Amino acid sequence: ELSRPVWGYRVRWSGRSLLLEIRRPPVIDPGHPLHGRRIAIDPGHPPLGAVGPTGVREPDVTLAVGKKVSRLLAAAGATVIVLRTNDQPVELAPRVMHAERANAELLVSIHANALPDGVNPFVNNGTSVYYFQPRSVNLARALDRALVRQFGYRDLGVGRADLALARPTWMPAALCEGLFLMLPDQEAVLASERGQ
């Protein structure tokens, strides 16, 4: 139990000593909350990713959204660390390492959802956000509220999931599943400039 809030932590060996480095919450200016913040944006996939009924690919949608989000954050004064900038595949572990090395204070991974065979997509669809570390739950809830408000689709809620991009310990992290790419109406939203 620590006496002050924890924003993140790192554990490493130094010789024969195990070091635990604690990260405290950044000081945020209420008038300019994003000014000076270091935010990692992860446009999810490739490799793989969902494909919509008209052929819209998740990696293309997430990259387009990631670029738009990055411009908005930069315009608000944030330093943005983009974890995938083109169509080349980037594995999951290097994405997390890049965010940590860049000293990101938040990590948001952008995805479009799909369901496995045998699950009715007309019942199970909408917006969801995932986190893993308990201190990331507020970030996940805020993202979920904003996505539901903007999209107007059903809220599937916030869930805890052991996902590589939701798991980092050095910063709060969340993985957003904006909409279901496999449904024609939601695919059309995700493929549109306005929807992105």
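This section describes the fold, surface, loop geometry and selected side-chain contacts of a predicted single-chain model. Residues are numbered from 1 along each chain as its sequence is written, and side-chain values use heavy atoms, with hydrogens and water left out. Because the model is predicted, local features need pLDDT of at least 70 and side-chain atom pairs count only at pLDDT 80 or more, whereas totals for chains, interfaces and linings use all residues.

The chain contains 4 helices and 8 strands, where helices (H or I, at least four residues) and strands (E, at least two) are DSSP runs numbered from the N terminus. Read from the N terminus, these elements follow the order β-β-β-α-β-α-β-β-α-β-β-α. With a radius of gyration of 17 Å, close to the 16 Å that the globule rule gives for 196 residues, the chain is as compact as a globular protein of that length; the radius is taken over C-alpha atoms, and the rule is 2.2 Å times the number of residues to the power 0.38. Along the principal axes, the C-alpha atoms fill a box of roughly 55 × 40 × 30 Å.

Of the 196 residues, 42% count as buried, a class that requires under 20% relative accessible area, with exposed meaning over 50% and partly exposed the range in between (1.4 Å probe, protein chains only). The accessible surface of the chain comes to about 10800 Å², and carbon and sulfur atoms contribute 56% of this surface; the areas come from the Shrake-Rupley method with a 1.4 Å probe, and for residues only the protein chains shown count as cover. Among the contacts in the chain with a separation of 6 or more, 73% are made by residues 24 or more positions apart, contact being defined as heavy atoms within 4.5 Å.

At the N-terminal end of this order, strand β1 (residues 8–14) and strand β2 (residues 17–23) run antiparallel and are joined by 7 bridges, two strands being paired if DSSP finds at least two bridges between them. Within this pairing, Trp13 stands opposite Leu18 in β2. The hairpin has 2 residues between its strands, and Gly15 takes a positive phi near 65° there.

The loop between β3 (38–43) and α1 (58–75), in which Pro46 lies, carries several backbone features. A cis peptide bond joins His45 and Pro46, with omega about -20°, and the bond from Pro46 to Pro47 is also cis, with omega near 5°. His45, in this loop, has phi near 65°, a positive value in a residue other than glycine, and is partly exposed at a relative accessible area of 22%. Leu48, which also lies between β3 and α1, has a positive phi near 60° although it is a residue other than glycine; at 74% relative accessibility, Leu48 counts as exposed.

Three further positions illustrate how parts of the chain that are separated in sequence come into contact. Glu105, in the loop between α2 (92–101) and β5 (106–113), is buried, with a relative accessible area of 13%. Residues up to four places away in sequence aside, Glu105 touches Trp7, Arg23, Pro26, Gly36, Arg37, Arg38, Met171 and Pro172. Val82, in strand β4 (residues 79–82), is partly exposed at 26% relative accessible area. Val82 lies 12 residues from Ser70 in sequence and 7.4 Å from Ser70 in space, C-alpha to C-alpha, and its contacts beyond four places in sequence are with Ile41, Pro43, Ser70 and His98. Leu143, in helix α3 (residues 137–151), is 32 residues from Leu175 along the chain, with their C-alpha atoms 9.3 Å apart. Beyond its neighbours within four places in sequence, Leu143 is in contact with Val108, Val129, Ala174 and Cys176.

Aromatic rings were examined both for pairing with one another and for charges placed over them. The search of the whole structure finds 0 aromatic pairs, the criterion being that rings of Phe, Tyr and Trp (its six-membered ring) pair if their centres lie within 6.5 Å, with planes under 30 degrees apart counted as stacked, over 60 as edge-to-face and the rest as tilted. The charged end of Arg10, however, sits over the ring of Trp170 at 3.7 Å from the ring centre, and Arg160 lies over the face of Phe132, 4.2 Å from the centre of that ring. A charge is taken to sit over a ring if NZ of Lys or CZ of Arg is within 6 Å of the ring centre and within 35 degrees of the ring normal.
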